[in-house]
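Reader: I would like to go through the reasoning behind some of the labels used for this model. Could you set each value against its cut-off as we go?

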There are 2 protein chains.
Amino acid sequence: MIDQTHDAAATSWVERANGHADFPVQNLPFGIFSPADGEPRIGVAIGDSILDVASAAAAGLISVVSGGILSERTLNRMLSLPTADRRALRHRLFALLTDPGNRETVTPFLHEADSCTMYLPAAIGDYTDFYVGIHHANNVGALFRPDNPLLPNYKYVPIGYHGRASSIRPSGVPLVRPKGQRKAPDVDAPIFGPCLRLDYELELGVWIGAGNALGAPIPIADAGQHIAGFCLLNDWSARDVQAWEYQPLGPFLAKNFQSTISPWIVTAEALAPFRIAQPERPVGDPAPLPYLYDAHDQATGALAITLSAYILSRKMRQDGLPAYRLSEGPASNMYWTAAQIVAHHASNGCNLNPGDLLGTGTISAPTSDGYGSLLEITRGGKESLILPTEESRTFVEDGDEILLTATAHADGFVSIGFGECRAMVLPSK
Amino acid sequence: MIDQTHDAAATSWVERANGHADFPVQNLPFGIFSPADGEPRIGVAIGDSILDVASAAAAGLISVVSGGILSERTLNRMLSLPTADRRALRHRLFALLTDPGNRETVTPFLHEADSCTMYLPAAIGDYTDFYVGIHHANNVGALFRPDNPLLPNYKYVPIGYHGRASSIRPSGVPLVRPKGQRKAPDVDAPIFGPCLRLDYELELGVWIGAGNALGAPIPIADAGQHIAGFCLLNDWSARDVQAWEYQPLGPFLAKNFQSTISPWIVTAEALAPFRIAQPERPVGDPAPLPYLYDAHDQATGALAITLSAYILSRKMRQDGLPAYRLSEGPASNMYWTAAQIVAHHASNGCNLNPGDLLGTGTISAPTSDGYGSLLEITRGGKESLILPTEESRTFVEDGDEILLTATAHADGFVSIGFGECRAMVLPSK
């Protein structure tokens with residue numbers, strides 16, 4: 001629902017929020033932060049600042065939802081609130097931050113974001129990764145199966161698999177290059193050692209709000225109500241480990257050593273103006289089965305978000321160079337909508353819980369300037385990428401940082417961003 | 001370490017514990033139970049009774065570990081205790097239940113197990129299922145790939161994949177037959193509907209005790225110290241859904257609608273007398289890579305446990321018949337030890353946490369009387385199984401219960417059991 005919180009003319013008395021690339025007052029994403037001298041708590045990003053929602057609620061400034069929910073150290077219970085309650089909370093925060101009369105009262109609850117630490121926004125019970133980026137599936141499939149890149153189930157089944165919840169970390173936490181088994185094609189036996197083909201994957205994350213009981217599927221028409229928000233997700237992948245281990249049960253150690261997410265939950269409410277129709281399927285493709293088809297979802301289930309990935313090598317940092325863009329493309333290159341993956345996930349009765357995280361899978365554009373992984377950009381490591389420093393890359397090297405960004409835009413509305421999803425690779429220990 | 005708590009001559013003043021098939025005083029498994037009139041709490045099974053460990057500790061009868069740990073509603077913190085502390089707790093419980101002088105003091109803390117409710121013993125952060133039953137892998141592989149049943153990675157990589165933690169339920173909780181997509185081989189398109197090939201899988205579950213930090217692998221020599229105990233695990237599987245969905249990323253909705261575990265954690269300490277050498281690999285098989293090889297683990301890393309699966313149809317129940325045994329076989333039909341799957345899981349730095357659950361994968365014997373799934377017993381549904389009621393089965397029908405049991409035995413020691421892992425299938429909704 002588009003309402004006054006999306007008004008392009010609205011401005012905040014937090015002046016640096018106005019025109020902010022990510023966090024104008026029309027965004028109001030939720031996260032868990034700690035100020036320099038305090039404990040983790042619920043906050044909302046506004047420009048370059050963070051509003052301490054927990055303390056503001058404790059001081060009586062926010063009473064539209066139970067103060068207990070806002071004093072927790074995770075957002076799980078807040079995410080599970082009915083949409084109407086989440087919307088009421090958004091409206092109250094919007095009023096606090098737009099009405100100049102609140103400046104004096106609210107200012108003590110603002111912190112400079114740079115001086116704060118961000119945490120995972122929720123206790124993630126289960127993490128599932130999908131594979132809905134059809135161009136990615138085509139590109140990767142073509143590397144492994146040139147004659148048959150997309151398997152026969154792809155256009156019927158929103159392909160997904162369970163991932164590791166324990167190793168998800170917020171933006172900024174470096175990762176250690178994993179070790180693993182890899183086997184060269186020309187030898188009989190694998191060896192164990194540091195991954196030589198470390199890759200990133202550019203994905204959106206979907207935060208589950210209200211859950212469902214075990215044995216009770218979520219109808220597709222209701223699935224959108226179970227989505228509380230979105231984030232960026234880098235599904236770091238050890239391609240050499242993956243190639244050797246993944247049959248017959250799928251990726252395991254190639255994917256579970258660390259996944260990086262942007263720490264702010266951009267809410268479904270904030271994204272209301274950026275909903276667009278799901279792209280029409282190419283002629284000849286099957287229609288979604290009825291349990292995955294809803295006309296309203298088809299009409300509004302995609303998002304007008306531009307996704308980008310950047311690399312910043314150690315030398316680039318030393319030379320003071322900005323990060324180098326690896327790709328840019330629209331999030332609408334998803335063969336299935338977020339609601340479809342939620343409905344599919346629960347279609348067998350599997351219970352989703354508030355704070356569960358679903359990854360979309362890598363979202364690549366059809367052309368190479370929008371490929372969402374190095375595996376695709378370098379065609380399986382066969383072509384080098386040349387950085388502005390003249391360094392070459394086929395995969396991610398130690399000291400490299402990968403940054404993902406996302407911006408939602410629509411005519412007549414203020415663009416909103418997701419903040420950064422970034423992490424640096426440290427050498428194997 | 002084998003000590004006086006394993007003494008075959010020891011008896012309990014809880015007289016029905018002596019000679020009990022599962023829970024003599026030499027076992028002392030931990031679980032979470034609630035008495036008829038109370039809240040969930042930590043208990044220990046003794047014969048047909050449950051000792052309320054939480055209340056006994058609160059009354060000052062158990063002081064070897066912090067009372068706070070024993071008053072929690074999950075066993076996660078208890079599992080993470082150092083082995084020496086877990087052993088001290090076991091010794092104290094053993095003394096309380098063997099010394100007749102404690103009968104009067106301790107009896108008020110005993111409950112009839114039949115009048116209690118059992119819960120999941122731990123909050124399971126992540127659940128991983130392996131595939132170490134080599135005969136199962138061979139049998140299933142032969143159904144899909146007759147010429148090439150075991151893929152080239154099988155004897156190098158302890159194959160595993162992440163499963164769903166949220167849908168794990170303790171013994172006794174019925175499951176709803178899942179719906180899903182299935183595609184007949186002779187048609188182009190799948191349909192969505194109730195699973196027609198519902199199967200069980202007979203597995204052991206491994207409970208993680210102490211965890212490891214992200215980025216810090218667990219050396220194979222230390223891996224055993226991270227295993228707090230074992231349970232039975234039925235990894236319910238929708239074979240028709242699995243066949244259609246599993247490529248290229250592995251099983252997903254075919255496995256995550258419900259998994260059933262026995263509610264008692266049989267501790268690593270209790271199983272000390274039942275450790276045996278890992279069976280020698282067949283001539284020609286590769287040796288484990290160094291990160292998976294430890295001489296002590298090879299000498300003691302298998303368990304002398306007999307695993308059985310039973311079926312009880314609605315008609316069998318109505319006729320007052322006992323459950324019918326589907327299979328019986330040794331747990332030593334594992335190609336990798338429990339320590340090896342722990343070391344492998346963490347070898348890339350993936351962090352395990354206390355209360356994480358690892359499934360071994362289906363453990364089948366080489367002969368059909370020890371096959372751990374109906375897929376194997378009925379050769380992919382091609383051969384019917386005839387029950388004592390003359391009912392035939394290829395897969396599990398509505399109203400059927402599947403029961404798994406396990407008993408550890410060794411010369412000179414009292415056998416100990418795992419209790420029941422059972423669940424009934426309800427019709428699709």
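Reader: What makes the pairing of the side chains of Asp199(B) and Arg239(B) a salt bridge?

Author: This is a predicted model, and in it the side chains of Asp199(B) and Arg239(B) meet at 2.9 Å, N to O. The cut-off between a side-chain nitrogen of Lys or Arg and a carboxyl oxygen of Asp or Glu is 4 Å, so the pair qualifies as a salt bridge. Asp199(B) lies in strand S12 and Arg239(B) in helix H8 of chain B, so the salt bridge ties together parts that are 40 residues apart in sequence.

Reader: Why are Asp199(B) and Arg239(B) counted as buried?

Author: Asp199(B) has a relative accessibility of 0% and Arg239(B) one of 7%; buried means under 20%, so both residues carry that label.

Reader: How do you know that Asp48(B) and Arg16(B) meet in a salt bridge, and are these residues buried or partly exposed?

Author: Their N to O distance is 3.7 Å, which is within 4 Å, so this pair also satisfies the definition. Asp48(B) has a relative accessible area of 34% and Arg16(B) a relative accessibility of 46%; these values fall between the limits of 20% and 50%, and therefore both residues are partly exposed. Asp48(B) lies in the loop between strands S2 and S3 of chain B, whereas Arg16(B) lies in the segment before strand S1, so the pair ties together parts that are 32 residues apart in sequence.

Reader: What makes Glu201(A) and Lys255(A) a salt bridge, and which network includes them?

Author: The closest N and O atoms of Glu201(A) and Lys255(A) are 2.9 Å apart, which is within 4 Å, so the label applies. Glu201(A) lies in the loop between strands S12 and S13 of chain A and Lys255(A) in the loop between H8 and strand S16, so the pair ties together parts that are 54 residues apart in sequence. Both residues are buried, and salt bridges link them in a network with Asp199(A), Asp235(A) and Arg239(A).

Reader: How many salt bridges are there between chain A and chain B, and why does the pair Asp126(B) and Arg164(A) qualify as one?

Author: The count between the two chains is four. For Asp126(B) and Arg164(A) the N to O distance is 3.5 Å, which is within 4 Å, so this pair is a salt bridge as well. The area buried between chain A and chain B is about 5200 Å², and Arg164(A), Leu249(A) and Phe252(A) supply 15% of what chain A buries against chain B, more than any other three residues.

Notes: Residues are numbered from 1 along each chain as its sequence is written. Chains are lettered from A and ligands numbered from 1 in the order in which they are written. This is a predicted model: local features need pLDDT of at least 70, side-chain atom pairs count only at pLDDT 80 or more; totals for chains, interfaces and linings use all residues. Side-chain values use heavy atoms; hydrogens and water are left out. Buried area is the accessible area (1.4 Å probe) that two parts lose on being put together, summed over both. Helices (H or I, at least four residues) and strands (E, at least two) are DSSP runs, numbered from the N terminus. Buried means under 20% relative accessible area, exposed over 50%, partly exposed in between (1.4 Å probe, protein chains only).
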